[in-house]
Amino acid sequence: MKIGPLPLCRGDYSMLRQVWVNLLGNAIKFTRSKDAALVEVGGHIKGKENIYYVKDNGAGFDMQYADKLFGVFQRLHGVEEFGGTGIGLAIVKRIIVTRHGGRVWAEGKVNEGATFYFALPLQEKGT
C-alpha cells in the first residue's frame, strides 16, 4: 500500500471515515487474486476542490458500465467471484454528494485495476 499526501478537509468525521473504509475495502477485495497487489491513496487540491483517490491494480471494470458503479445493488462482478452487498459505492456517493456537496467518479480497465475519486468543496475561511 502506498499512501501519499492528503489535503485537509472539513466534513462529518464518521461519514468520511465510512467513505474511506468502503473505498479501501473494495480496493483490497478486488486485488486479492493479484500476486503483487498494489493499492495507492492520495489527494490534491484543484481549483475549489479537494480531490482524493484510491487506486488499485485489481480486477478493474469496463468503462462502458461506469455509470452503474454508484447505484444501489449494481454489481459488475458476480457475488461468487467477489462478495459484498452491492451498496458500498452507493453509500460513498450519498455521503460525498448528498451530505458534503461533492462528487464521485471512477476510471478502470478490465484486469488492470480501477481508480475511485471523490471531490469535496474547499471550505471558505471562517466557515
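The legends below describe an overview and close-up views of a predicted model.

**Figure 1. Overview of the protein chain.** The predicted chain contains 2 helices and 5 strands. Read from the N terminus, these elements follow the order β-α-β-β-α-β-β. Of the 127 residues, 38% are buried. Contacts between residues at least 6 apart in sequence include 61% that join residues at least 24 apart. The exposed area is about 7,900 Å², with 54% of it supplied by carbon and sulfur atoms.

**Figure 2. Stacked rings of Tyr52 and Phe118.** The model has 7 aromatic pairs. One of them is Tyr52 with Phe118, whose ring centres are 5.0 Å apart and whose planes meet at 25 degrees, a stacked arrangement. Tyr52 belongs to strand β3 (residues 49-56) and Phe118 to strand β5 (residues 113-121), so the pair spans 66 residues of sequence, and the planes count as stacked because their angle is under 30 degrees. Both Tyr52 and Phe118 are buried. Together with Trp20, Tyr52 and Phe118 make up one aromatic cluster.

**Figure 3. Edge-to-face rings of Phe70 and Phe116.** The centres of these two rings lie 6.2 Å apart, and the angle between the planes is 80 degrees, which makes the pair edge-to-face. Phe116 is in strand β5, whereas Phe70 is in the loop between β3 and α2 (88-99); the two residues are 46 apart in the chain. Phe70 has a relative accessible area of 13% and is therefore buried. Phe116 is also buried, because its relative accessibility is 12%, and the cut-off for buried is under 20%.

**Figure 4. Salt bridge between Arg99 and Asp12.** The model has 3 salt bridges. In this one, the closest N and O atoms of Arg99 and Asp12 are 3.8 Å apart. Arg99 sits in helix α2, and Asp12 in the loop between β1 (2-3) and α1 (13-31), with 87 residues separating the partners in sequence. Arg99 is partly exposed at 46% relative accessibility, and Asp12 is partly exposed at 23%.

**Figure 5. Salt bridge between Glu49 and Arg103.** The N to O distance between these side chains is 2.8 Å. Because Glu49 lies in strand β3 and Arg103 in strand β4 (residues 103-109), the bridge ties together parts of the chain 54 residues apart in sequence. Arg103 is partly exposed, with a relative accessibility of 38%.

**Figure 6. Salt bridge between Lys109 and Glu112.** The side chains of Lys109 and Glu112 meet at an N to O distance of 3.9 Å. Glu112 has a relative accessible area of 53% and therefore counts as exposed, the cut-off being over 50%.

Terms used. Residues are numbered from 1 along each chain as its sequence is written. This is a predicted model: local features need pLDDT of at least 70, side-chain atom pairs count only at pLDDT 80 or more; totals for chains, interfaces and linings use all residues. Side-chain values use heavy atoms; hydrogens and water are left out. Rings of Phe, Tyr and Trp (its six-membered ring) pair if their centres lie within 6.5 Å; planes under 30 degrees apart count as stacked, over 60 as edge-to-face and the rest as tilted. Helices (H or I, at least four residues) and strands (E, at least two) are DSSP runs, numbered from the N terminus. Buried means under 20% relative accessible area, exposed over 50%, partly exposed in between (1.4 Å probe, protein chains only). Contact means heavy atoms within 4.5 Å. Accessible areas come from the Shrake-Rupley method with a 1.4 Å probe; for residues, only the protein chains shown count as cover. A salt bridge is a side-chain nitrogen of Lys or Arg within 4 Å of a carboxyl oxygen of Asp or Glu.
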